[in-house]
Amino acid sequence: MSFHRAALVAGLLVASMPVFAADDETAPRLSSDQCEISTPYNVLVDTGGVWLYRDSGAPKEIFFHDGTLSVDRAVQSVSAADAARLRRLESGARTLMPQVTSVARESTGIAFDALAGVVEVMTGSARKVRQVERFRTDTLGYIDTTLGTGRWDQDVFGDGFESRIEDAAERMTGSLGRSVMWQVFTGRAGRMDARAERMEADLDRKIEARSAALEAQADALCTQVRELQSIQAALEYRLDGQRLVMLEDAPRSNDDTSVSRAASKP
């Protein structure tokens with residue numbers, strides 16, 4: 001990799017990091033509409049059941065556990081068939097959350113491995129690589145205290161998650177620029193090229209393989225989410241004559257502040 005290409009990599013790094021350091025636009029992202037299915041709710045899954053909640057819209061809160069359903073803190077009457085469906089939804093949510101956590105952790109690993117690789121190539125500094133590891137530890141801790149505890153909030157895995165990765169890339173990019181200029185002016189750019197030649201192919205191969213595996217894992221999660229949406233669609237329960245919608249087709253319009261009740265007739 002030439003000096004010019006190394007500099008270009010640093011410049012593009014900030015833009016590429018939110019897509020898990022992959023240059024493929026189809027790379028999996030931590031988004032509630034990754035599977036072309038979205039939810040207008042924040043979600044909490046714990047031993048007490050599954051909560052879906054939001055600040056505005058109707059209903060504001062849905063809760064189900066062991067076949068029982070509560071909407072806006074009022075227990076609802078459901079059929080035996082719906083009770084079974086609610087148990088399947090709860091079981092599916094319990095299965096899904098740790099898998100989503102795993103995807104989040106692996107995507108973080110890929111992103112920071114890419115960043116650490118660029119830092120090492122361009123600086124040869126173990127100290128600067130350790131800086132990347134501190135950013136990685138912070139982001140993994142963020143995942144473990146949110147998704148890892150069964151909590152998916154819209155703001156947690158939107159700007160909250162990506163901002164940590166972007167912040168790390170931006171901070172390191174500034175440092176990389178200074179390091180590149182120092183190496184150029186001191187006649188050491190050749191060392192950077194030598195490190196790049198030594199590391200580039202191996203790093204690219206590892207990241208590409210992990211990104212492909214992550215994509216497959218994300219696709220498998222999408223299959224499970226679609227199955228949950230199918231179970232939801234089969235519910236006989238109606239709220240004011242309308243279906244109860246917790247998962248819906250994406251994208252939703254930005255001005256859709258309404259309702260978790262579908263507009264279609266039952």
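Residues 181–187 have a pLDDT under 50 throughout, and the model gives this stretch nine contacts beyond four places in sequence. A second stretch, residues 252–266, also has a pLDDT below 50, with 31 contacts in the model beyond near neighbours in sequence. This is a predicted model, and across the protein the pLDDT averages 76, with 67% of the residues scoring at least 70. Where pLDDT is low, the predicted coordinates should not be read in detail. With that in mind, here is a short tour of some places to look at.

**A residue in strand 2**

- Val45 sits in strand 2, which covers residues 42–46.
- Val45 counts as buried because its relative accessibility is 9%, and the cut-off for buried is under 20%.
- Setting aside neighbours within four places in sequence, Val45 touches Val50, Ala93, Arg94, Met97, Thr149 and Gly150.
- From Val45 to Phe63 there are 18 residues in sequence, and their C-alpha atoms are 9.9 Å apart in space.

**Helix 2 beside helix 3**

- Two packed helices are described by the angle between their axes and the distance between the axes.
- Helix 2 runs over residues 80–123 and helix 3 over residues 126–144; their axes come within 9 Å and cross at roughly 170°.
- Helix 2 is therefore roughly antiparallel to helix 3, as angles over 145 degrees count as roughly antiparallel.
- On the helix 2 side, the residues making the contact include Thr101, Ala104, Thr108, Phe112, Leu115 and Val119.
- On the helix 3 side, they include Val129, Val132, Phe135, Thr139, Leu140 and Ile143.
- Sorted by class, the contact between helix 2 and helix 3 has ten nonpolar, five polar and seven charged residues.
- Among the charged ones are Arg105, Asp113 and Glu120 of helix 2, with Lys128, Glu133 and Arg136 of helix 3.

**Salt bridges**

- Side chains of opposite charge can pair when their charged atoms come close.
- The whole structure holds eleven salt bridges.
- One of them joins the side chains of Glu236 and Arg85, at 3.8 Å from N to O.
- That pair links distant parts of the chain, 151 residues apart: Glu236 is in the loop between helix 5 (189–233) and strand 8 (238–239), while Arg85 is in helix 2.
- Glu236 counts as partly exposed, since its relative accessibility is 46%.
- Glu90 and Arg94 form another salt bridge through their side chains, at 2.6 Å from N to O.
- Both Glu90 and Arg94 belong to helix 2, where they are four residues apart, about one turn of the helix.
- Glu90 is buried at 6% relative accessibility, whereas Arg94 is partly exposed at 31%.
- Arg94 also appears in the list of contacts of Val45.

**A linked network**

- Asp113 and Arg210 meet through their side chains in a salt bridge of 2.3 Å, N to O.
- This pair, too, links distant parts of the chain: Asp113 lies in helix 2 and Arg210 in helix 5, 97 residues apart.
- Asp113 has a relative accessibility of 24% and so counts as partly exposed.
- Arg210 is also partly exposed, with a relative accessible area of 25%.
- Asp113 and Arg210 belong to a network of salt bridges that also links Glu106, Glu133 and Arg136.
- Three members of this network, Asp113, Glu133 and Arg136, are in the list of residues that make the contact between helix 2 and helix 3.

Key
Residues are numbered from 1 along each chain as its sequence is written. This is a predicted model: local features need pLDDT of at least 70, side-chain atom pairs count only at pLDDT 80 or more; totals for chains, interfaces and linings use all residues. Side-chain values use heavy atoms; hydrogens and water are left out. pLDDT is the predictor's confidence in each residue, from 0 to 100. Contact means heavy atoms within 4.5 Å. Helices (H or I, at least four residues) and strands (E, at least two) are DSSP runs, numbered from the N terminus. Buried means under 20% relative accessible area, exposed over 50%, partly exposed in between (1.4 Å probe, protein chains only). Axes are lines fitted to C-alpha atoms, for helices over the stretch in contact, and angles run from 0 to 180 degrees between N-to-C directions. Angles under 35 degrees count as roughly parallel, over 145 as roughly antiparallel, 65 to 115 as roughly perpendicular and the rest as oblique. A salt bridge is a side-chain nitrogen of Lys or Arg within 4 Å of a carboxyl oxygen of Asp or Glu.
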